[in-house]
Amino acid sequence: MPRTICLRLAYEGTRYSGWQAQPGRATVQGVLAAAIHAVSGETLVPRGSSRTDAGVHALAQNVAFVSESPLEAPVWGRALDANLPADVSVVAAAEVPTDFDPVTAAVAKTYRYRIHDAPWKPVLQRHLVWRWRSRLDTAAMAAAAAALVGEHDFSSFEKGPSQRLSKTRTIHRLDVV
């Protein structure tokens, strides 16, 4: 009997070409699909709550897949975690209704952009920050960021036609620290 398993993943995305599987490239979806196959022998395509670009990291991305395996969700979590590379981790696993879709279930997302603006190289965090070689004007950045808070139509940022019903998004908070 098919069951839907939902995972919360954390990953350090430096070596990945984003979430979505791409021929000849390492992706988070690809390594997760390989781990699922190693655990159950099933060839499945896990569905993430959203796609990420190359090099993007995540602390809590929801992912779901439908399996015929009798493994309970906590066992799935531990088994997958043991079969994933060191830069991808299963934070939580739960069985969800069979019609669960991580894309439509996502009601909010939090993004954090970290910029290192000190004169020295960020040696220990070099994969986790963007290096800027001069001091940033955080007051000016905060003033500009305030204009983005609220409801806006972001359709001009799309590469092509989207299947999303609404192009309007609400930015609840934008902090510059």
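A residue counts as buried when its relative accessible area is under 20%, as exposed when that value is over 50%, and as partly exposed in between. Keep those cut-offs in mind, and select Trp 132: with 37% relative accessibility, this residue is partly exposed. What you have open is a predicted model, and this tour starts from that tryptophan.

**Stop 1: around Trp 132**

Trp 132 sits in the loop between strand S6 (130-131) and helix H4 (138-146). Now add Ile 115, Trp 130 and Met 141 to your selection and switch on the surface. Together with Trp 132, these residues make a nonpolar surface patch of about 390 Å².

**Stop 2: the whole chain**

Zoom out and show the cartoon. The protein chain has four helices and eight strands. Colour from the N terminus onwards and you can follow the elements in the order β-α-β-β-α-β-α-β-β-α-β-β. Along the principal axes, the C-alpha atoms fill a box of roughly 55 × 40 × 30 Å.

With the surface on, the accessible area comes to about 12,100 Å², and 56% of that belongs to carbon and sulfur atoms. Of the 177 residues, 29% count as buried. Contacts also reach across the sequence: among those between residues at least 6 apart, 60% join residues at least 24 apart.

**Stop 3: the four-stranded sheet**

Next, select residues 3-11, which are strand S1, and residues 58-67, which are strand S3. Add strand S2 (47-48) and strand S4 (88-96). These four strands form an open sheet with antiparallel pairing, in the order S2-S3-S1-S4. S2 and S4 stand at the edges with a single partner strand each, so one side of each has no neighbour in the sheet.

How buried is S1? Eight of its nine residues are buried, so strand S1 is largely enclosed by the rest of the structure.

Now look at how S1 meets its partners. S1 and S3 pair in the antiparallel sense over eight bridges. Select Thr 4 and you will find its bridge partner in S3, Val 66. Further along, Leu 9 stands opposite Gln 61 in S3. Turn to S4, which runs antiparallel to S1 and is joined to it by eight bridges. One pair to pick out here is Leu 7 with its bridge partner in S4, Ala 93.

**Stop 4: helices on the sheet**

Keep the sheet in view and select residues 28-40. This is helix H1, which lies across S1, S3 and S4 and runs at about 130° to S1. Then select residues 73-83 for helix H2, which packs on the sheet and touches S1, S3 and S4. The direction of H2 makes about 160° with that of S4.

**Stop 5: salt bridges**

Show side chains for this stop. Side chains of opposite charge can pair when their charged atoms come close. The structure holds five salt bridges, and three of them make good places to pause.

Start with Arg 15 and Asp 87, whose side chains meet in a salt bridge at 2.7 Å, N to O. Arg 15 belongs to the loop between S1 and H1, and Asp 87 to the loop between H2 and S4, so this pair ties together parts that are 72 residues apart in sequence. Are the two partners buried or exposed? Arg 15 is partly exposed, with a relative accessible area of 47%, while Asp 87 is buried, at 15%.

Move on to Asp 101 and Arg 47, where the closest N and O atoms of the salt bridge are 2.8 Å apart. This pair links distant parts of the chain, 54 residues apart: Asp 101 is in the loop between S4 and helix H3 (102-105), and Arg 47 is in strand S2. Arg 47 is partly exposed, with a relative accessible area of 43%.

Finally, select Arg 173 and Asp 175, which form a salt bridge with the closest N and O atoms 2.5 Å apart. Arg 173 is exposed, with a relative accessible area of 66%, whereas Asp 175 is partly exposed at 47%.

**Last stop: back to helix H4**

From Asp 175, jump to Thr 138. The two lie 37 residues apart along the chain, and their C-alpha atoms are separated by 9.9 Å. Thr 138 lies in helix H4 and is partly exposed, at 38% relative accessibility. The loop between strand S6 and helix H4 holds Trp 132, and that brings you back to where the tour began.

Methods
Residues numbered from 1 in each chain as written. Predicted model: local features only at pLDDT ≥ 70, side-chain atom pairs only at ≥ 80, totals over all residues. Heavy atoms only, no water. Pairing = 2+ DSSP bridges. Helix = DSSP H or I, 4+ residues; strand = E, 2+ residues; numbered from the N terminus. Contact = heavy atoms within 4.5 Å. Axes fitted to C-alpha atoms, helices over the stretch in contact; angles between N-to-C directions. Patch = residues over 30% accessible without salt bridge, like charges linked within 9 Å, V, L, I, M, F, W, Y side chains within 5 Å. Areas by Shrake-Rupley, 256 points an atom, 1.4 Å probe, with all protein chains shown as cover. Salt bridge = Lys/Arg side-chain N within 4 Å of Asp/Glu carboxyl O. Buried < 20%, exposed > 50% of the residue type's maximum accessible area, 1.4 Å probe, protein only.
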